[in-house]
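Reader: I'd love a close look at one residue and what surrounds it. Could you start there and then walk me outward?

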Amino acid sequence: MRSRRSISHFGGLLAALLIAASPAAAKDYLLTGAKPDKLVLVDAAARKVERVLTIPGGGVAPGTIVPSPDGRIAYVVSNHMGSVSGIDLDSGRQVFRADFSTAELRVRSLFGMDVSPDGKELYVFQAPVRMLPGEYRVEDTRIAVYSTADGVGAKPVRLLPAPRRVAVLAFSKDGGTLWALGWDLYGLDPKTGAVKETHKVLNWTRANHSPPDVLDIWPQFEQAATLSTPYFTARTDLTATDPGAFRTGLMTLDLATGRMDMRDFEDTSAVIFSSVVSPVKRTEAYSVYTQLTKIDTDGGKLVKRVDLPHTYYSINVSSDGKEVYVGGTACDIGVYGTDTLDRVGQVEIAGCPDQGIASLRVIRR
């Protein structure tokens, strides 16, 4: 009969083997770009750059970054908005590339890009111009759809009609709707491009308010599955000298339900560029430019604001909702606690390259 000691030893050995065989717990990584041609992967908890990858082509000025659903590949608009590269984050190899222009058409991607929830298709908003002998003819804007399996040299598998001035594309959680943020917020059929529904933004009909002004080119909705953006509006029933005449608000779109809200939270007192919603406390949002702002989206009020050491364009939040990250513009990523907005860390990119307008995305690996 086997002794208790040998059984205990066997049980301990089995547990150790199971632990060794199981994958390491996933943790947060940040993705950003740096001029002229770099993709930067950052270990958020360790506050260090994990690796710097080169986007082929040279001098490509990375912009919009979209991670694949499994966090293995980063799709980056580059080549001065003329191409998109898919970079394997482990090997650094370019595993996908689509160059937009042809001999007849000069095509640029003005920020909007997203990948389908199953990772099989990449959607890119494009603005083409036909190059004629005596003129440049502006063509209709469109969304080019690529099969991610087509690799380097990919061509569109279909072209969808799209409204002009689209700056952000975001898939619904179920993949049935492709949301396009332009002058209004359009829910598109990802197969045909048909507009299924529209949430009014610029064309809202709010009484005694001017059309809202929105500037949003940074996709950072992956944590809370909520697209958000600041907006600015003026009260038309008040004089320009009235402190309450100009208002700042936050637009949010729940990518699971399709519900959209636009709610003021303060008399305009600061410029803010981009925003993100907490994945843990869905009533909390954060926005950034020269200051970091915490917003109560449910109550529609400013919670706290702190000065930053310099301008930051983009913002994101940790999976546990405890840290908020600010990036873009310069060569550092600032880390702040969400409860107090105290600066708790910083990550610097070696050589201090400019991140410019590159997206700041969070992936779990």
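Reader: Is serine 68 buried or exposed?

Author: Happy to walk you through this. The model is predicted, so local features are described at pLDDT of at least 70 and side-chain atom pairs at 80 or more, while totals for chains, interfaces and linings use all residues. Numbering runs from 1 along each chain as its sequence is written, and side-chain values use heavy atoms, without hydrogens or water.

Serine 68 is buried: its relative accessible area is 8% (buried means under 20%, exposed over 50%, partly exposed in between, with a 1.4 Å probe and protein chains only). You will find serine 68 in the loop that joins strand E4 (65-67) to strand E5 (73-78); strands are DSSP runs of at least two residues, numbered from the N terminus. Within that loop region, a polar atom of the serine 68 side chain sits 3.3 Å from the backbone nitrogen of arginine 72. Leaving aside residues up to four places away in sequence, serine 68 touches Ile73, Tyr75 and Val115 (contact is heavy atoms within 4.5 Å).

Serine 68 also takes us to the largest pocket, whose volume is about 510 Å³. A pocket here is an open set of 1 Å grid points where a 1.4 Å probe fits, with protein on both sides within 12 Å along at least five of seven lines; lining residues have an atom within 4 Å of a point. The volume is the space filled by probe spheres set on points joined across faces, edges and corners. Of the 22 lining residues, those closest to the centre of this pocket are Pro67, Ser68, Pro69, Lys173 and Glu222. Two or more lining residues come from each of E4, strand E9 (113-115) and strand E29 (361-364), and E29 gives the largest share, four residues.

One of those central residues, Lys173, is touched by leucine 255. Leucine 255 lies in the loop between strand E19 (246-254) and strand E20 (260-267) and is buried at a relative accessible area of 4%. Its partners, again beyond four places in sequence, also include Ala170, Phe171, Ser172, Trp179, Phe221, Ala225, Thr226 and Leu227. Leucine 255 and leucine 178 are 77 residues apart in sequence, yet their C-alpha atoms lie 9.6 Å apart.

E19 and E20 matter for our next stop too. The second largest pocket, with a volume of about 380 Å³, has 17 lining residues, and nearest its centre are Thr252, Arg259, Asp261, Arg282 and Thr297. Here the elements that give two or more residues to the lining are E19 and E20.

Next come the rings. The structure holds eight aromatic pairs, counted when ring centres of Phe, Tyr or Trp (its six-membered ring) lie within 6.5 Å; planes under 30 degrees apart are stacked, over 60 edge-to-face, and the rest tilted. Tryptophan 204 and tyrosine 231 make an edge-to-face pair, 5.7 Å from centre to centre and with 80 degrees between the planes. This pair links distant parts of the chain, 27 residues apart: tryptophan 204 is in the loop between strand E17 (195-199) and strand E18 (226-234), and tyrosine 231 is in E18 itself. Both ends are buried, tryptophan 204 at 12% relative accessible area and tyrosine 231 at 0%.

Tryptophan 218 and phenylalanine 273 are stacked, because their ring centres are 5.6 Å apart and their planes meet at 20 degrees. Tryptophan 218 belongs to the loop between E17 and E18, phenylalanine 273 to strand E21 (residues 272-277), 55 residues away. Both are buried, and ring pairs join them with Tyr289 and Tyr313 into a cluster.

Finally, a few backbone details. Most residues other than glycine have a negative phi, and most peptide bonds are trans. The bond from lysine 35 to proline 36 is cis, with omega near 0 degrees; proline 36 lies in the loop between strand E1 (28-34) and strand E2 (38-43). Back at E5, where serine 68's loop ends, the loop leading on to strand E6 (83-88) holds histidine 80, a non-glycine residue with a positive phi of about 55 degrees. Methionine 81 lies in the loop between E5 and E6 as well, with a positive phi of about 70 degrees, and is partly exposed at 26% relative accessibility.

Definitions and conventions
Polar contact = N/O pair within 3.5 Å; in protein donor to acceptor, adjacent residues only side chain to side chain.
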